[in-house]
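The exercises below are meant to be worked with the sequence and the model open side by side. Each task is followed by a solution that proceeds step by step.

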Amino acid sequence: MRIYKVGGAVRDRLLGKPVTDIDWVVVGATTEEMLAKGFRPVGADFPVFLHPKSGEEYALARTERKSGRGYGGFTFHANPEVTLEEDLIRRDLTINAMAEDDQQNLTDPYHGQRDLEARLLRHVSPAFAEDPLRVLRVARFAARYAALGFTVAPETLELMRQLSESGELEALTPERSWKEISRALMEDQPQVFVEVLRACGALKVLMPEVDALFGVPQPPAHHPEIDTGAHTLSVLQQAATHKQPLTVRWACLLHDLGKGLTPEEEWPRHIAHEFKGLKLIKAVNERFKVPRDCQELALLVGEYHTHGHRALELKPSTLLELLQSFDVYRRPQRFEEFIAACEMDARGRKGLESKNYPQADYLRGAATAARSVAVQPLLEKGFKGPELGEAIKRERLKALKAYKETAST
Ligand code: CTP
């Protein structure tokens, strides 16, 4: 048997990037031989094994034939006669279809190295269409390598468009899609992911609620960039520039979905978009079975981001309601993430990227003031049950009134 390093490890070494995961392909071996050498099979139908010591993935060279719709619809054809070239041609991108032996000799039948130099994300062959997840993968790679100048080859974008129109994307499982989406959002230029999906028509299929924001105007006085889609992309970009966690990035992407529902005659105003957007945010969250912390923050940011911007004008009672909605007493981190999302929203406006956001410290101060109310003295006064709850609320309100007064002097 012959063993080659393949995929991302080869690509990233040639790009001079750190290599974390190594994938291997094995040519000229059978399942039985792999098992005899102590490799552990990954799944019943997959000709993929884990190395007994390193735990790295070793896949038998294979050709793939599609037998049905969606990811479950693959049958694998792996036998010792499958050549390295036959294995590589079924991979997604030319830059991912290079192999290297233990002497670092490169096998590059589909000119991945040339495309690396040309900064092109180009599909290897029509077999690209066998896995619709690749539409998301290409968009993710575009986001990751945008800073290096990579773009999607026009013929690949065209193929991605055909796949998006074919209805194949709907067959992807929520788990596979979310894995790509969440990884893409954590790249340095996550907005490129959304742009590429939009350019090939995949955004309209995967997240029509986000797609609908493009072409929707906002008031130029607050939003010099005007377009809601452009604003959303800038907010996402700010979140990446400020190294925000996934929860915040997800909330940034979805915070203005309600603006897509505004009747045209009301443009460029978006009355109650925060509230109207909630059902859309919920739908996207459910579509991709998004983790709970991301779901929750997206809904809270959707509902309250305007409160965040108006923090300094809010009445103490409204401030208190805001803090209660976030359960800031038990979930201080979530409120910090809300503040971060609001700040990214404010910075994601054309020409206002470096503007100060005094609301952030003001909100933090309000949370500290409300949290400083001690429960023990109220217990000692004999309050219990719902009365205790009311008493705590009264004290917190008092603390917020005092806070607002000192903050404004
Ligand atoms: N691959 C593919 N189509 C997919 C998934 C993977 O063709 N849907 C191939 C590509 O050749 C890829 C290799 O399998 O390079 C390994 O896949 P994976 O580990 O998912 O990605 P990497 O390319 O290693 O990229 P990353 O750095 O994002 O892990």
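A crossing of two helices is called left-handed if the near helix is turned anticlockwise from the far one by less than a right angle, and right-handed if it is turned clockwise. The model used throughout is a predicted one.

**Exercise 1.** Determine how helices α14 and α15 are oriented relative to each other, and which residues meet between them.

Solution. Begin with the geometry: α14 spans residues 278–287 and α15 spans residues 292–309, and the two pack at an angle of about 165° with their axes 9 Å apart. Angles over 145 degrees count as roughly antiparallel, and therefore α14 is described as roughly antiparallel to α15. Next, apply the definition of handedness given above, under which the crossing of α14 and α15 is right-handed. Finally, list the contacts: from α14, the residues Leu278, Ile281, Lys282 and Asn285 take part, and they meet Gln295, Ala298, Leu299, Gly302 and Glu303 of α15.

**Exercise 2.** Locate the residues that UniProt marks as "binding site", and decide for each whether it is buried, partly exposed or exposed.

Solution. The unreviewed UniProt entry places this feature at Asp21 and Asp23, and the lining of the largest pocket includes both Asp21 and Asp23. Asp21 sits in the loop that runs between α1 (8–15) and β2 (23–27), whereas Asp23 belongs to strand β2 itself. For the classification, exposed requires over 50% relative accessible area and buried under 20%; Asp21 has a relative accessibility of 61% and so counts as exposed. Asp23, with a relative accessible area of 33%, is partly exposed. As a last step, leaving aside residues up to four places away in sequence, Asp23 touches Tyr4, Lys5, Val6 and Glu57.

**Exercise 3.** Find where the backbone has a cis peptide bond, and where Arg119 and Asp327 show a positive phi.

Solution. Start from the general expectation that most peptide bonds are trans and that most residues other than glycine have a negative phi. The bond from Trp267 to Pro268 is cis, its omega being near 0°, and Pro268 is found in the loop between α12 (246–254) and α13 (273–276). Turning to phi, Arg119 has a value near 60° and is placed in the loop between α4 (112–118) and β10 (120–121). With a relative accessible area of 28%, Arg119 is partly exposed. Asp327 has a phi near 50°, and its place is in the loop between α16 (316–325) and α17 (332–347).

Note on methods: Residues numbered from 1 in each chain as written. Predicted model: local features only at pLDDT ≥ 70, side-chain atom pairs only at ≥ 80, totals over all residues. Heavy atoms only, no water. UniProt positions renumbered as here; feature names shortened; annotations may be inferred. 1 Å grid on protein atoms, 1.4 Å probe; cavity = no way out; pocket = protein on both sides within 12 Å on 5 of 7 lines; lining within 4 Å. Helix = DSSP H or I, 4+ residues; strand = E, 2+ residues; numbered from the N terminus. Buried < 20%, exposed > 50% of the residue type's maximum accessible area, 1.4 Å probe, protein only. Contact = heavy atoms within 4.5 Å. Axes fitted to C-alpha atoms, helices over the stretch in contact; angles between N-to-C directions. Parallel < 35°, antiparallel > 145°, perpendicular 65-115°, else oblique.
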